[in-house]
Amino acid sequence: MSEATTPRFRSVLDRFAAYKPGRAVMSPAGRSFKLSSNESPHGPLPSVQEAINEAARNINRYPDNNATALTEAIAAEFGVAPEQVAVGCGSVGVSQMLLEAVAEPDAEILYAWRSFEAYPLLVALSGAASVQVPLVDEAHDLAAMADAITANTRLIFVCNPNNPTGTVVRRAELEAFLDRVPADCLVVLDEAYREYVRDADVVNGLELLEGRPNLVVLRTFSKAYGLAGLRVGFLVGHPEVAGAIRKTYLPFSVNSIAQAAGVASLAAAGELLERVEGTVKERDRVRGALLADGWTVPPTEANFVWLRLGERTAQFAAACEAEGVSVRPFPGEGARVSIGTPEENDAFLAVAQAFPHRG
C-alpha cells in the first residue's frame, strides 16, 4: 500500500481564498452595530413572517423544484412571462448558474474591478478566466470594458449600482456599451440594489430587454426585501436564455420557506418599499454628514457608502470595531459601510468624525 496522502483536488484551490462574509463585532462596552453586509436593518413584515411560519410547518417535504408560485409572482410583479424567469439560491447562486451555463476552457468572464467580491471566486471555480477592467473615479469604465472584449469573452457582469462603491451606470452609456457587445456574449446586469436607486438617469434594466436576447437582469430578495437569511434571487431574460440557465439549477436549492417568503414579500411590496425610502433618507444623511466633515464619498445609489482609505483601511476598521461598529474593509483600498438604523449610523459617524482623515 502506498504512503498515506491527501485526495487530489483541483489546482485552482491552491491559490483560492474562500469568500469571507461581513462579521459582527462587539465593543468592550457591549455595543454591536453590524454595518458590514448591506443587510436590511428591518425584520420581515408581519404578513411575510406569517408566510414563513406557515411554510415551516411543511419542511418535512421537498420544496417545489420549479418554484412555480414564486416564478409566477415575479413575472406578474415585473410584467414579464414566467418563461423569462430563473430563480436560484440568492443572486450569488444565480450568478453561479450563469457561469455554469457559459464557462468552458479558454472562456473569459469580464467585469469591472473593484466590484462584487464574489465574481472572481465564482469565475475561478467555473474554470474560466477573469478579465478585470479598473474602475475610473470609482465607477465602471464601460468604454474600456468594451475594448477588452475578445472572441473568448462569454459573459460580462455589470454591477449597477456597483458594490462596493455605490456608483452607477446611466442609460445612455449603458445602451452604447450594449450596442458594442457581440450578440453571442451574455451581459449580466446585476441590479441587487435596484430598489435604492433614485437617480432618474439610471435605467431599470428590465426596460432594455426587448431586442437584446443577450441581456439578463439579476435581482435579489436579500437587500431591500430583507430576506438575506433565506437566500433567494432571480434573473429575467429572454425565454431561450432563461431556459438554458434553468438547466444548471441545483435541485431544491431554493427552499420552501424562501419561496413562500418571496411570494409574500412581493404581495407586500408597497409596504416594504416604504421602509426602503427610510433607508434612502438615512443614506443621504450619512453621506451628507461625512462630506460636511471633510470626507470624500462618491455619490451612492445603494444602501451603503464607500470610503477610499488606501493603506489606512485596516486602521479605520479597527477604530470602528473598538466602538462595536463592523464595516467591510478591503485592505489597501477602502471600506464599505452599510446603512443601518439611525442609531447604528450615528455610532458609525461618531467613529468617522474622530478618525484622522483631513489634510
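**Exercise 1. Determine which residues form a nonpolar patch on the surface, and where leucine 13 is placed.**

Solution. Phe9, Leu13 and Leu125 form the nonpolar patch, with about 300 Å² of accessible area together. Patches are made of residues with over 30% relative accessible area and no salt bridge, where like charges are joined within 9 Å and nonpolar side chains (Val, Leu, Ile, Met, Phe, Trp, Tyr) within 5 Å; the areas come from the Shrake-Rupley method with a 1.4 Å probe, and for residues only the protein chains shown count as cover. Leucine 13 is placed in the segment before strand S1 (33–34), where helices (H or I, at least four residues) and strands (E, at least two) are DSSP runs numbered from the N terminus. With a relative accessible area of 41%, leucine 13 is partly exposed, since buried means under 20%, exposed over 50%, and partly exposed in between (1.4 Å probe, protein chains only).

The model is predicted, so local features need pLDDT of at least 70 and side-chain atom pairs count only at pLDDT 80 or more, while totals for chains, interfaces and linings use all residues. Residues are numbered from 1 along each chain as its sequence is written, and side-chain values use heavy atoms, with hydrogens and water left out.

**Exercise 2. Work out which residues of helix H4 are buried, and against which elements they pack.**

Solution. Begin with the helix, which spans residues 118–126, and in which Ala118, Tyr119, Pro120, Leu121, Leu122 and Val123 are buried. These buried residues pack against helix H3 (90–102) and against strands S3 (108–113), S4 (129–134), S5 (153–159) and S6 (186–190), contact being counted when heavy atoms lie within 4.5 Å. Then look past the end of the helix, where H4 is followed by glycine 127, whose phi is positive, near 90°.

**Exercise 3. For three salt bridges, find the partners and state whether they are buried or exposed.**

Solution. The structure holds 17 salt bridges, each being a side-chain nitrogen of Lys or Arg within 4 Å of a carboxyl oxygen of Asp or Glu.

1. Glutamate 54 forms a salt bridge with arginine 57, their closest N and O atoms being 3.3 Å apart. Glutamate 54 is partly exposed, at 45% relative accessible area, whereas arginine 57 is exposed, at 63%.
2. Glutamate 333 and arginine 114 meet through their side chains at 2.7 Å, N to O. This pair links distant parts of the chain, 219 residues apart, with glutamate 333 in the loop between strand S11 (328–330) and strand S12 (334–338) and arginine 114 in the loop between S3 and H4. Both glutamate 333 and arginine 114 are buried.
3. Arginine 219 forms a salt bridge with glutamate 191, the closest N and O atoms being 2.9 Å apart. Because arginine 219 lies in strand S7 (residues 215–220) and glutamate 191 in the loop between S6 and S7, the pair ties together parts that are 28 residues apart in sequence. Arginine 219 counts as buried at 4% relative accessibility, and glutamate 191 counts as buried at 1%.

**Exercise 4. Locate the lysine that UniProt lists as a modified residue, and name residues that it touches.**

Solution. For "modified residue: N6-(pyridoxal phosphate)lysine", the unreviewed UniProt entry lists Lys223; such annotations may be inferred rather than shown by experiment, and their positions are given in the numbering used here, with feature names shortened. Lysine 223 is found in the loop between S7 and strand S8 (233–236), and is buried, with a relative accessible area of 15%. Not counting residues up to four places away in sequence, lysine 223 touches Ser37, Asn38, Ser40, Ala192, Tyr193 and Tyr196.

Asparagine 38 leads on to serine 338: the backbone nitrogen of asparagine 38 lies 2.7 Å from a polar atom of the side chain of serine 338. Serine 338 is placed in strand S12 and is buried, with a relative accessible area of 4%.

**Exercise 5. Identify two cis peptide bonds and a non-glycine residue with a positive phi.**

Solution. Most residues other than glycine have a negative phi, and most peptide bonds are trans. The bond from asparagine 160 to proline 161 is cis, with omega near 0°, and the bond from asparagine 163 to proline 164 is cis, with omega near 25°. Proline 161 is found in the loop between S5 and helix H6 (171–180), and proline 164 lies in the loop between S5 and H6. Glutamate 138 has a positive phi of about 70° although it is not a glycine, and its place is in the loop between S4 and helix H5 (142–147).

Definitions and conventions: Polar contact = N/O pair within 3.5 Å; in protein donor to acceptor, adjacent residues only side chain to side chain.
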